[in-house]
Each structure stands twice: as structure tokens, then as C-alpha cells.
Amino acid sequence: MISKTLTYAALAMLAALPVEAQQKEEAKAGKYHSVPLIRTDRSGHYLAPVKVGNRDFRFLVDSGAGMELVLAQGTAKKLGKQLNDGGKAGAAGGSVAMQKTRVGRFSIGDAPRVAKGVQTYVIALHHAALELDGEKVIPDGLIGARLLNQWNVVVDTAKTALLVPDEGLSEGAFADRFEDDKAVKIPFERGMHGMPFVDLIIDGESYSFLIDTGAGTGTIEPGVAEKLGLEVIKENSSFGGAGDKRVNNAKVVMAKDAVLGGKARFPKIYFHTHTMDGTLKAPKGKNLGGILGGKVLASGGAFVDFGSQQIIIPKRIVLKRGAKAN
């Protein structure tokens with residue numbers, strides 16, 4: 001019996017049409033527009049060039065934010081926005097106070113698609129500071145899950161690019177380019193606030209994890225890590241998020257041979273232990289495992305396709321190692 005679960009360290013190179021050639025073919029047809037992303041030094045976050053009104057900014061691509069757009073407080077000030085109370089939201093590191101406003105026009109890179117009159121939240125992002133070229137930078141804002149869904153955007157972790165389709169292109173247009181024997185297609189589902197969740201099997205137990213392109217490190221609920229008896233690699237680790245403080249005294253644990261969506265086996269995945277204290281809920285009928293950071297998907301050269309709601313990993317990609325928590 002041949003197992004249908006693929007271990008990427010053992011995949012052979014296939015003579016499929018190169019993904020880059022497929023992208024060029026699509027670009028000629030004017031269907032997808034490839035916007036180069038900036039990847040941060042250690043955490044592997046993705047910053048996208050955007051335009052708000054007539055001003056240029058760099059926004060974090062953040063599928064773990066359940067909004068369309070978020071402005072940093074400094075960005076809202078530069079734009080001269082009037083702000084209204086927006087309540088609070090849960091995030092790694094605690095809750096965060098929000099304000100509301102609207103932006104007139106929003107676009108990503110050179111892609112022609114434009115969002116108009118988008119309700120936008122404003123939060124302090126200084127705890128989400130990233131490292132770029134050896135210096136700390138604060139994102140000017142966030143591109144959230146709702147906009148990624150509405151526009152059927154594809155995050156290309158192999159090429160470090162955002163593929164923005166023309167309006168009207170079908171939700172499955174990108175996934176249809178890959179024959180089933182040329183790629184592993186792992187479905188995910190939209191949970192709370194439209195955020196993407198995928199099943200991850202660890203030691204035979206299935207848990208639902210938030211796919212968070214805005215998280216440099218993955219997290220796992222402490223109770224889940226304890227139940228599974230995951231090996232502790234490091235004590236007293238810390239990391240930052242959008243919350244009002246850093247997460248301290250976390251453990252770094254390792255999951256071996258975890259299977260994503262029942263199809264893709266990752267030899268090692270590293271997580272920080274951290275609980276979301278009920279602010280993050282798994283889709284109905286699923287048990288919450290935690291957050292799957294962007295590093296894990298990048299290690300597999302994955303496409304995160306918000307149109308077809310699938311993680312697509314071409315079989316020509318060879319996974320060399322699991323993604324490590326900082």
C-alpha cells in the first residue's frame with residue numbers, strides 16, 4: 001500500500017511546467033498581477049507596498065487579522081484621519097484598543113484593483129516591530145483576512161510575492177492551474193472574522209490552527225502541548241505581537257512528523273506555548289491547537305490561495321527543514 005501522505009524531504013523533482021513560467025503566462029493574460037513582497041530578516045514576515053489615497057506605505061500581510069485593513073496610529077496621523085472608538089480586539093500579548101475610520105482608495109503595488117471607502121481600524125503597532133536590514137521597523141498597517149478573501153489574493157511564499165487577480169476572475173482560477181498529480185492541495189476553512197484555519201495532525205491527534213501570515217512564530221495552546229507531551233527545546237522564551245505587551249516566559253516545543261491537512265508531513269515544527277485565552281476560537285466542531293506562522297508554509301514553498309481556500313504546494317518543492325521559532 002502506497003501512503004498518500006507526502007514527506008517533503010523525500011519528494012523527487014517532477015518535470016512539471018515551472019511555476020514561474022505559469023505565472024508569466026497568466027501575467028500576459030492580465031489575470032494575476034505579481035507584487036514583490038519584502039521579507040523581514042529573522043521572523044519571515046511579509047511587507048507589501050501599498051497606496052492609501054496618494055501616499056505610499058508598507059503594510060504587513062496578515063491573515064491573522066480579522067479585518068479588511070488596519071492603519072498604524074502614525075499612518076492615520078499622516079493621513080489626517082478623524083477617528084472613532086472601535087472597541088478592543090484580542091491578539092498575541094493581550095488585548096489591543098482600536099479606533100475606526102475609512103480610507104478613500106487603497107491599492108497593492110502596481111495591481112490595478114482598487115478598494116474604495118473601506119472601513120479601517122487603527123491600532124498601535126509598536127509591539128509588532130519587525131527587523132529589516134538590521135533595523136527595527138513598525139508596519140504602516142495590516143492587510144487583513146477579509147480583504148485577502150474578497151480579492152482572492154494568493155500569497156506566494158516561494159517567490160515572496162502577492163498575486164492579485166483582476167476583478168471578476170473565478171475563485172478557483174489559480175488552483176486550476178495545478179493538476180492534482182503536480183501539487184498537494186490542502187483545503188482550509190474560513191472561521192471567525194473570515195480568518196483561515198487548517199487541520200494539523202500531531203501524534204495522531206487533529207487540531208485546528210489559524211493560518212497567520214502575520215505571525216513570525218507559531219504558537220500552540222499550553223494544554224495541547226502538555227497533553228501531547230511535546231519535547232521542550234527552550235524555556236523562558238519571549239516574542240511580540242499586536243497586543244499591548246510582549247509574551248514572556250513561553251516555552252519553545254517541537255512537534256515531529258506533523259501532518260498538515262492529512263496530506264503534507266513536516267519533519268519538525270517549532271512552536272511557542274501561548275494561550276489566546278478564548279479570544280481565538282476554532283471553527284465549529286474543531287479543537288483549537290494554536291497559530292501556524294508563515295515560516296512553516298514558507299519552508300514548504302507553499303501558495304496560500306484565498307480564492308479556492310487551499311494551501312498549494314508544488315511537488316517540485318523540497319522541504320529541507322522545519323520552521324523554527326525565534
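1. K286 is partly exposed in this predicted model, its relative accessibility being 33%. Since the partly exposed class runs between 20% and 50% relative accessible area, the 33% of K286 places this residue there.

2. What does K286 pair with? The partner of K286 is E189, and the closest N and O atoms of this salt bridge are 2.7 Å apart. The two residues are 97 positions apart and link distant parts of the chain: K286 belongs to the loop between β22 (264-273) and β23 (288-293), whereas E189 belongs to strand β16 (residues 189-190). E189 is also partly exposed, with a relative accessible area of 30%.

3. The search of the whole structure yields six salt bridges. Among them is the K286 to E189 pair described above. As a general point, side chains of opposite charge can pair when their charged atoms come close.

4. A second group of charges deserves comment. E179, D181 and K182 are joined in a network of salt bridges. K182 meets E179 with an N to O distance of 3.9 Å, and D181 pairs with K182 at 3.4 Å between the closest N and O atoms. A salt bridge requires the nitrogen to lie within 4 Å of the carboxyl oxygen, so the K182 to E179 contact, at 3.9 Å, qualifies.

5. How accessible are the members of this network? K182 has a relative accessible area of 27% and is partly exposed. D181 is likewise partly exposed, with a relative accessible area of 44%.

6. Which residues form the negative surface patch? The patch consists of D41, E131, D133 and E135. Of these, E131 lies in strand β10, which spans residues 130-132. E131 is partly exposed, with a relative accessible area of 33%. Patch members must have over 30% relative accessible area, so E131 meets that requirement at 33%.

7. Is P165 buried or exposed? P165 is buried, at 3% relative accessibility, because the buried class covers values under 20%. The residue is located in strand β14, which comprises residues 161-165.

8. The surroundings of P165 include parts of the chain remote in sequence. P165 and S34 are separated by 131 residues in sequence, while their C-alpha atoms are 8.8 Å apart in space. When neighbours within four places in sequence are set aside, P165 has contacts with K31, Y32, R113, W151, N152 and V153.

Note on methods: Residues are numbered from 1 along each chain as its sequence is written. This is a predicted model: local features need pLDDT of at least 70, side-chain atom pairs count only at pLDDT 80 or more; totals for chains, interfaces and linings use all residues. Side-chain values use heavy atoms; hydrogens and water are left out. Patches are made of residues with over 30% relative accessible area and no salt bridge: like charges are joined within 9 Å, nonpolar side chains (Val, Leu, Ile, Met, Phe, Trp, Tyr) within 5 Å. Accessible areas come from the Shrake-Rupley method with a 1.4 Å probe; for residues, only the protein chains shown count as cover. A salt bridge is a side-chain nitrogen of Lys or Arg within 4 Å of a carboxyl oxygen of Asp or Glu. Lys and Arg count as positive and Asp and Glu as negative; His and the chain ends are not counted. The place of a charge is taken as NZ of Lys, CZ of Arg, CG of Asp or CD of Glu. Helices (H or I, at least four residues) and strands (E, at least two) are DSSP runs, numbered from the N terminus. Buried means under 20% relative accessible area, exposed over 50%, partly exposed in between (1.4 Å probe, protein chains only). Contact means heavy atoms within 4.5 Å.
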